[in-house]
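Visitor: I would like a close look at a single part of this protein. Please keep it brisk and stay with what the coordinates show.

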Amino acid sequence: MAEEQELLVVGRVVAAQGLRGELRVNPLSDFPERFTRPGRRWLRPAQGRRGEAAEAAEVELLSGRQLPGKELFVIRLEGVNDRSSAEALVGHELLVPAEDRPKLARGEFHLLDLVGLEVRLLQSSEAESPAQTGRCIGTVKDLIHAGNDLLEVELTTGGAPLWIPFVKAIVPEVRLEAGWIGITPPPGLLELGQASNDKPDDADA
């Protein structure tokens, strides 16, 4: 049963492909075999990700391929044989058992491991000491894996989320065991989130 093991989200169904039941999947994994290697997978309605008790249904991945020049994959699932059946699955998440994660080399990590980590400011020092950890500004809530990865950060001040490009220059520190990532945001990035939070409260007039 899916509920008896920990499942890991590796992709989201974003559209139907053609008329024979194929699905377009936006990957949330750096491992193409998640979408190309036949075998057991699970599907779950996306609205169950944050707190709702949505059940994951076991499915069989028959085949998959990457679209040329795009980050998207096209997969075929057993029992999904027409466009209507495929469209009914748009928005679902594709999952695999967490224990089936590919082994990583020292210093590597899975992008989805970033979800739930604190986001701390790093203030560069001109002295001999390296960058020092600063205050926590929020928590990583989600990510978009398409071309350049973007981290969705829920700010401690509330309001609209902040989207941070996951590149070394902006996120130089990832401390999984300690539970945080460190960022050195370029000028104006944090102000985008602040501007969303500074909207007047009497907007319902």
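In the hairpin of β4 and β5, which residue takes a positive phi?

Guide: Gly69 does, with a phi near 75°. One caution before going on: the model is predicted. The hairpin of β4 and β5 has 6 residues between the strands.

Take the two arms next. Strand β4 covers residues 57-66. Strand β5 covers residues 73-77. The two run antiparallel and are joined by 5 bridges. One pairing to look up is Ser63, whose bridge partner in β5 is Arg76.

Now go to the start of β4. Ala57 lies in this strand. Is Ala57 buried or partly exposed? Its relative accessible area is 42%, so Ala57 counts as partly exposed. Beyond its neighbours within four places in sequence, Ala57 is in contact with Arg41, Trp42 and Leu43. Leu43 also stands opposite Ala57 in the strand pairing. That pairing belongs to β3, residues 39-45, which runs antiparallel to β4 with 5 bridges. For a C-alpha distance check, use Ala57 and Leu94: they are 37 residues apart in sequence and 9.8 Å apart in space.

On the other side, β5 meets β2. Strand β2 spans residues 22-27, and 3 bridges join it to β5 in the antiparallel sense. Here Leu23 has Ile75 of β5 as its bridge partner. Ile75 has a second role. The largest nonpolar core has 45 residues, and Ile75 is listed among those with the most contacts inside it, as is Leu77. Strand β1, residues 7-17, gives the most to this core, with 6 residues. In soluble globular proteins, nonpolar side chains tend to be buried together.

Strand β1 also holds Gln17. Gln17 has 18% relative accessibility, so it counts as buried, the cut-off being under 20%. Its side chain makes a polar contact with the side chain of Arg24, at 2.5 Å. Leaving aside neighbours within four places, the contacts of Gln17 include Leu23 and Arg24, then Arg65 and Leu67, and also Val74.

Put the strands together. A closed barrel of 6 strands runs β1-β2-β5-β4-β3-β6, with antiparallel pairing. Neighbouring strands of this sheet are turned by 50° against each other on average, direction ignored. The hairpin of β4 and β5 is therefore part of this barrel, since both strands appear in that order.

For comparison, look at another hairpin, that of β9 and β10. It also has 6 residues between the strands, and Gly158 takes a positive phi near 80° there. Strand β9 is residues 150-155, and it pairs with β10 in the antiparallel sense over 4 bridges. Glu152 has Trp163 as its bridge partner in β10. Along β10, Leu162 and Ile164 point to one face and are buried, while Trp163 and Pro165 point to the other and are not. In a regular strand the side chains alternate between the two faces of the sheet.

Ile164 leads back to the core, where it is listed with Val119 among the residues with the most contacts. Val119 is in contact with Ile164, and with Val153, Ile181 and Ile183 among others.

Last, the setting. The protein has 3 helices and 12 strands. Buried residues make up 38% of its 205 residues. About 12000 Å² is exposed, with carbon and sulfur atoms supplying 48% of it.

Key:
Residues numbered from 1 in each chain as written. Predicted model: local features only at pLDDT ≥ 70, side-chain atom pairs only at ≥ 80, totals over all residues. Heavy atoms only, no water. Buried < 20%, exposed > 50% of the residue type's maximum accessible area, 1.4 Å probe, protein only. Areas by Shrake-Rupley, 256 points an atom, 1.4 Å probe, with all protein chains shown as cover. Core = buried A, V, L, I, M, F, W, Y, C linked by side-chain atoms within 4.5 Å. Contact = heavy atoms within 4.5 Å. Polar contact = N/O pair within 3.5 Å; in protein donor to acceptor, adjacent residues only side chain to side chain. Pairing = 2+ DSSP bridges. Axes fitted to C-alpha atoms, helices over the stretch in contact; angles between N-to-C directions.
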